Amino acid sequence: QVDVEESGGGQVQPGVSLRLSCAASGHSFSIYSMEWFRQAPGSEREFVSRIYWSGGNADYADAVKGRFTISRDNAKKTVYLQMNNLRPEDTAVYYCKPHVWELSDRVYYWGKGTLVTVSS
């Protein structure tokens with residue numbers, strides 16, 4: 001079992017930056033990748049970004065390319081999402097989704113989410 005805890009959400013004005021964090025904790029697991037998704041009111045949950053733990057390669061949704069940066073701290077088993085130049089359309093609950101190895105099985109978990117509201 002892996003516990004997932006997101007933090008860093010809040011209410012900000014357009015153009016401001018926020019940094020989200022997501023920490024994975026538990027016993028006997030290793031991380032394959034960690035992803036960020038978001039879900040705006042009345043919309044489907046959508047992919048935002050992904051980072052592979054080995055090598056650090058990252059992917060981004062077109063809507064956030066050039067504004068968001070994903071990074072990781074291996075020792076802390078934590079992923080960060082630096083969000084710059086936030087727009088009202090970035091308003092959503094942001095969810096972390098770690099993909100981990102537990103023995104020989106690769107499984108994923110969802111966090112409970114952290115709310116980001118961008119409004120003037």
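**Entry 1: fold and overall dimensions**

I began by reading along the sequence, and the protein chain follows the pattern β-β-β-β-β-β-β-β-β-β-β. The count that goes with this is 11 strands and zero helices. I note at the outset that I am working from a predicted model, and I keep that in mind for every value below.

I then looked up the dimensions, taken along the principal axes, and found that the C-alpha atoms of the protein chain fill a box of roughly 45 × 25 × 25 Å. For the radius of gyration I have 14 Å, which agrees with the value near 14 Å that a compact globule of 120 residues would have.

**Entry 2: burial, surface and contacts**

I checked how much of the chain is covered, and 40% of the 120 residues count as buried. The exposed area of the protein chain comes to about 6500 Å², of which carbon and sulfur atoms supply 44%. Turning to contacts between residues at least 6 apart in sequence, I find that 52% of them join residues at least 24 apart.

**Entry 3: the nonpolar core**

Which residues have the most contacts inside the largest nonpolar core? I list Met 34, Trp 36, Phe 68, Val 79, Leu 81, Met 83 and Tyr 94, in a core that has 29 residues. The elements that give two or more residues to this core include strand E1 (2-7), strand E3 (18-26), strand E4 (30-39) and strand E5 (46-52). Further along the chain, strand E7 (68-73), strand E8 (78-83), strand E9 (92-102) and strand E11 (114-118) are also on that list.

**Entry 4: Arg 38 and its surroundings**

I turned next to Arg 38, which is found in strand E4. Is this residue buried or exposed? With a relative accessible area of 6%, Arg 38 falls under the 20% cut-off and is therefore buried.

Leaving aside residues up to four places away in sequence, I find that Arg 38 touches Glu 44, Arg 45, Glu 46, Val 48, Ala 63 and Val 64, among others. The list of residues that Arg 38 touches also includes Phe 68, Glu 89, Asp 90, Ala 92, Val 93 and Tyr 94. Two of the residues it touches, Phe 68 and Tyr 94, I had already written down among those with the most contacts inside the core. With Tyr 94, the side chain of Arg 38 makes a polar contact of 3.0 Å.

**Entry 5: salt bridges**

I looked up the salt bridges, and the structure holds six. Side chains of opposite charge can pair when their charged atoms come close.

Arg 38 forms one of these bridges with Glu 46, where the closest N and O atoms are 2.7 Å apart; a polar contact of 2.7 Å also joins these two side chains. Glu 46 counts as partly exposed, at 37% relative accessibility, whereas Arg 38 is buried.

Arg 38 also forms a salt bridge with Asp 90, the closest N and O atoms being 2.9 Å apart. Because Asp 90 lies in the loop between E8 and E9 while Arg 38 lies in strand E4, the pair ties together parts that are 52 residues apart in sequence. Asp 90 has a relative accessible area of 0% and so is buried. Through salt bridges that share partners, Arg 38, Glu 46, Arg 67 and Asp 90 are joined into one network.

Finally, I noted the salt bridge between Lys 65 and Asp 62, with the closest N and O atoms 3.3 Å apart. Asp 62 counts as exposed, at 66% relative accessibility.

Definitions and conventions
Residues are numbered from 1 along each chain as its sequence is written. This is a predicted model: local features need pLDDT of at least 70, side-chain atom pairs count only at pLDDT 80 or more; totals for chains, interfaces and linings use all residues. Side-chain values use heavy atoms; hydrogens and water are left out. A nonpolar core is a set of buried Ala, Val, Leu, Ile, Met, Phe, Trp, Tyr and Cys residues joined through side-chain atoms within 4.5 Å. Buried means under 20% relative accessible area, exposed over 50%, partly exposed in between (1.4 Å probe, protein chains only). Helices (H or I, at least four residues) and strands (E, at least two) are DSSP runs, numbered from the N terminus. A salt bridge is a side-chain nitrogen of Lys or Arg within 4 Å of a carboxyl oxygen of Asp or Glu. The radius of gyration is taken over C-alpha atoms; the globule rule is 2.2 Å times the number of residues to the power 0.38. Contact means heavy atoms within 4.5 Å. Accessible areas come from the Shrake-Rupley method with a 1.4 Å probe; for residues, only the protein chains shown count as cover. A polar contact is a pair of N or O atoms within 3.5 Å; within protein, one must be able to donate a hydrogen and the other to accept it, and residues adjacent in sequence count only if both atoms are side-chain atoms.
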